[in-house]
There are 2 protein chains.
Amino acid sequence: MYNFNEAEYRTNLTRQIDTFGQGVELAKEITKDGYSNIFFIAVGGTVAMMMHFEEIAKQLTTIPVYAEQAGEIVLTGHRHLNRDSLIIMGSKSGDTKETVAAAKWIKDNYGCRIASMVISKESPLGRLTDYQLPLVVFKGVEYEYLSVFGLFYGLLHLHNDFPQINAFEEQLKKLPDLLVAAQAKFDAPAAKIAARYYQSPYLMWIGGGELWGEIYLFTMCILEEMQWMKTKSIKSSEFFHGTLELVDENTDVFLVKSVGAARALDDRVERFLNQYGKNVVIIDIKDYMGDIDDAFAPILAPVFSTAVLNGRLSKYFEKNTGHDLNMRRYYRQFDY
Amino acid sequence: MYNFNEAEYRTNLTRQIDTFGQGVELAKEITKDGYSNIFFIAVGGTVAMMMHFEEIAKQLTTIPVYAEQAGEIVLTGHRHLNRDSLIIMGSKSGDTKETVAAAKWIKDNYGCRIASMVISKESPLGRLTDYQLPLVVFKGVEYEYLSVFGLFYGLLHLHNDFPQINAFEEQLKKLPDLLVAAQAKFDAPAAKIAARYYQSPYLMWIGGGELWGEIYLFTMCILEEMQWMKTKSIKSSEFFHGTLELVDENTDVFLVKSVGAARALDDRVERFLNQYGKNVVIIDIKDYMGDIDDAFAPILAPVFSTAVLNGRLSKYFEKNTGHDLNMRRYYRQFDY
């Protein structure tokens, strides 16, 4: 596979998966101490990743779970935030301005416990963190999901909302093989898609359910930020309430199909696009998940989605555009 | 003013404002009977309008308030939905497929009380509705906000989260004069903006806080659905985490400034755009709100925003493009 170090990927994934138990231990400690609700707080790609957990929470638990933008909550406050809230934050670099400011604001005003996905405990966010969620490498959103799984599903398990936690941990052990296989399977399609669409003036990306955060992240943080490609991300449920009118013979449209309860909404979009679209790419994440149990497919789907989209498609876009994925004109280049 | 019937507008607004007390009476009845939480449920522009109430709720009340997409909730469920939930729905036509299906699903599975913003009690949604929130005319999102104000702020008042309800009702009486004045003030700017940007291949629209639903609605339901113009809507808080990289000398960028707690995030975007953008339009809703009290400005800002954007700018886009705002190629043209 192009630009892919399989041995390193397997090693890193295995190391990340091995931290699952540490998250579960944290969940035990936090549950013993008690908590009133869970706030996921971050910005950009990290809060996008957290949207997945908010969606799953709606379906599985009565624990109140919120995903909030760090820059907003320090200005608007949130009436459900209180001393006993558990805060889950994330910043890979550990120095994202808004996230560090939110952590400080929370400590100063509420004194909540903060669990953070952060590489270094010595980073600004790390120093404000009570419980570090280990993150073994900087790049690859699959590691970010995995970093949160132990704590999150540990909390749900202890709240009697996720009895199947041991079977889930067993599933995780399949991931190195299955994620490599997923990328191998999507490698040729990704090359073809990128070659066909890399000069597109506008890409519409549609998806939803447990994958909405993925659609939001891939369009904003990869295609816009790293490739300077114009996009519109839209939920499958909302596509029929406005954006559909843009579909004509010249519109480039991508649909990423989810695998959970909301999949019927993707099916509806697919039927419409097959009838009225001309330049349509449909990526069904189900096709890349190998023998993952149906019971765990919705909660593992974003891990596979990010592996194929960020792991493969973005690399081929870079190859075609010649635009290095690390090149920015503004972001973190200077103060603004 | 172009395409504006002032007398009719004033009459309709006054009729709508006069229904405030009916909403407050409903709030008394519902509070007396008790309720566990509030679910706003709709699709498209109506759920976009409801996002405003979800944002305000975060800031003002500990009543759990959720805004959910009707097509999604019937598939995924929501663990906080229960027999005692109060459901607030809306469909101007009363026959929006997903919203009617969600109302039926809720009645069948939970038997909740449903309050709906709907013109006709004899429509499919109207027939599933326990409490009708009067809506006096079909067009004009300002009427939709006003339709919900009495019930929503009545509930907050009775929960001791909105003591100033009488002063608020007094403010509403200023709206006919102030909303006409806002549109008169924005009429010439709207004509100029539309003439300059109606052929744009891509419009970026940025905003946030209590106005995020407005940005979402105006781009998706007006520019995309009614003018077939390509847009990207992005929150002011998230703009710096990806989308900013698209700003260059050819990118057309709109910023709508909010007036509430999150305004500092808009200020930051404004400073960036003034430095790095070339084709930038900044619409500060504060400039159009006349002598509205600061205490009520955030909760009335979307009413002014919709009056200037939908009331004026969309009319001038239509005039320039020659594309009738009522023309659709797909939406409600046939089954899909």
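Two strands count as paired when DSSP finds at least two bridges between them. With that in hand, take a look at this predicted model, starting with the sheet in chain B.

**The sheet in chain B**

Chain B has an open sheet of five strands, in the order E2-E1-E3-E4-E5, and the pairing is parallel. Strand E2 (65–69) and strand E5 (131–133) of chain B sit at the edges with a single partner strand each, so one side of each has no neighbour in the sheet. From one strand to the next, the twist averages 20 degrees. Further in, strand E1 (residues 38–42) and strand E3 (residues 86–90) of chain B run parallel and are joined by four bridges. Which residue of E3(B) does B:Phe39 stand opposite? That would be B:Ile87. Helix H5(B) packs on this sheet, where it touches E1, E3 and strand E4 (113–117) of chain B. The direction of H5(B) makes about 160 degrees with that of E3(B).

**Strand E3 in chain A**

Over in chain A, strand E3 (residues 86–90) has five of its five residues buried, so it is largely enclosed by the rest of the structure. In a regular strand, side chains alternate between the two faces of the sheet. Both faces of E3(A) are covered: A:Leu86, A:Ile88 and A:Gly90 are buried on one side, and A:Ile87 and A:Met89 are buried on the other. As for strand neighbours, here are the pairings of E3(A), with one bridge partner for each:

| Strand paired with E3(A) | Bridges | Direction | A bridge partner of A:Ile87 |
|---|---|---|---|
| E1 (residues 38–42) of chain A | four bridges | parallel | A:Phe39 |
| E4 (residues 113–117) of chain A | five bridges | parallel | A:Ile114 |

So A:Ile87 has A:Phe39 as a bridge partner and also A:Ile114, in E4(A).

**Where the chains meet**

How many residues of chain A are in contact with chain B? There are 64, and they touch 64 residues of chain B. The area buried between the two chains is about 5900 Å², with carbon and sulfur atoms giving 53% of it. On the chain A side, A:Arg79, A:His241 and A:Glu245 lose the most area to chain B, together 14% of what that side buries. Eight salt bridges are counted between the chains. B:Arg268 forms a salt bridge with A:Glu98, and the closest N and O atoms there are 3.2 Å apart.

**Helix H11 in chain A**

Helix H11 (residues 263–276) of chain A has 14 residues and spans 20 Å from its first C-alpha to its last, close to the 20 Å expected at 1.5 Å a residue. Its buried residues are A:Arg263, A:Leu265, A:Asp266, A:Arg268, A:Val269, A:Phe272 and A:Leu273. What do the buried residues of H11(A) pack against? Within chain A, they pack against strand E6 (203–207), strand E8 (252–257) and strand E9 (279–284). From chain B, helix H4 (70–76) and helix H5 (97–109) join in.

**A buried leucine**

One last stop is A:Leu172, in helix H8 (residues 165–172) of chain A. Is A:Leu172 buried or exposed? A:Leu172 is buried, with a relative accessible area of 1%. Setting aside neighbours within four places in sequence, A:Leu172 is in contact with A:Ile17, A:Phe20, A:Leu146, A:Phe149 and A:Leu300. A:Phe149 lies 23 residues from A:Leu172 along the chain, and their C-alpha atoms are separated by 10.0 Å.

Conventions: Residues numbered from 1 in each chain as written. Chains lettered and ligands numbered in written order. Predicted model: local features only at pLDDT ≥ 70, side-chain atom pairs only at ≥ 80, totals over all residues. Heavy atoms only, no water. Helix = DSSP H or I, 4+ residues; strand = E, 2+ residues; numbered from the N terminus. Expected span 1.5 Å × (residues − 1). Buried < 20%, exposed > 50% of the residue type's maximum accessible area, 1.4 Å probe, protein only. Contact = heavy atoms within 4.5 Å. Axes fitted to C-alpha atoms, helices over the stretch in contact; angles between N-to-C directions. Buried area = accessible area lost by both parts, 1.4 Å probe. Salt bridge = Lys/Arg side-chain N within 4 Å of Asp/Glu carboxyl O.
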